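Colleague: Could you take a close look at one loop of this model and then follow the chain outwards from there? I would like a single connected account, with the cut-offs given as you go.

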Amino acid sequence: MTVFRLRFLAFLAAAVLLAGCSKPETPQEVAAAFWQAMADNDAGDVVEYSTLTDESRFDGYKHNWTNVVPSFGRVVIDGPKATVVTRLPAEDRPEGSGRN
């Protein structure tokens, strides 16, 4: 019985460690996860990683975000919320004239 308990505790500890490693931790990681969710048209993750509160309001499917590579700038942390300045590459515009 003791061996079974030890194996169970080891399995539980490993599961907790893996679960803890799977979520983004920094504001930049959350922003990257948000843009990946946009590229995947994953409304659930878009809601999770943004201020959007209802999946039915997600309209990211109207634009193809697959090849969009954002760059991140200034981060402002205010309690449990953070704002990350994100620049998206311009479409059909000269290099360096991005949209914010």
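Modeller: Let me start from Asn41, which has a relative accessible area of 40% and therefore counts as partly exposed, a class that sits between buried (under 20% relative accessible area) and exposed (over 50%), using a 1.4 Å probe and protein chains only. The model is a predicted one, in which local features need pLDDT of at least 70 and side-chain atom pairs count only at pLDDT 80 or more, whereas totals for chains, interfaces and linings use all residues. Numbering runs from 1 along each chain as its sequence is written, and side-chain values rest on heavy atoms, with hydrogens and water left out.

Asn41 belongs to the loop that joins helix 2 to helix 3, where helices (H or I, at least four residues) and strands (E, at least two) are DSSP runs numbered from the N terminus. Its backbone deserves attention: phi of Asn41 is near 55 degrees, a positive value in a residue that is not glycine. In general, most residues other than glycine have a negative phi.

Asp40 and Asp42 contribute, together with Asp54 and Glu55, to a negative surface patch. Patch members have over 30% relative accessible area and no salt bridge, with like charges joined within 9 Å and nonpolar side chains (Val, Leu, Ile, Met, Phe, Trp, Tyr) within 5 Å; a salt bridge puts a side-chain nitrogen of Lys or Arg within 4 Å of a carboxyl oxygen of Asp or Glu. Glu55 sits in the loop between helix 3 (43–48) and strand 1 (71–78), and because its relative accessibility is 47%, Glu55 is classed as partly exposed.

Ala43, by contrast, is part of helix 3 and is buried, since its relative accessible area is 16%. The C-alpha atom of Ala43 lies 8.6 Å from that of Asp59, although 16 residues separate the two in sequence. On the other side of our loop, helix 2 covers residues 27–39 and includes Pro27, which is partly exposed because its relative accessible area is 22%. Pro27 and Val84 stand 57 residues apart along the chain, yet their C-alpha atoms are separated by 6.8 Å.

Val84 brings us to the strands. Strand 1 pairs with strand 2 (residues 81–87) in the antiparallel sense, over six bridges, where pairing requires that DSSP finds at least two bridges between the strands. Among the bridge partners, Phe72 is matched with Thr86 of strand 2, and Val76 with Thr83 of strand 2. Two residues lie between the strands of this hairpin, in which Gly79 adopts a positive phi near 65 degrees. Val68, in the loop between helix 3 and strand 1, is buried because its relative accessibility is 17%, and the C-alpha atoms of Val68 and Leu88 are 7.0 Å apart, with 20 residues of chain separation.

Set in the whole, the loop belongs to a chain with three helices and two strands, whose elements run α-α-α-β-β from the N terminus. Of its 100 residues, 18% count as buried.

Methods. Areas by Shrake-Rupley, 256 points an atom, 1.4 Å probe, with all protein chains shown as cover. Lys, Arg positive; Asp, Glu negative; His and termini not counted. Charge placed at Lys NZ, Arg CZ, Asp CG, Glu CD.
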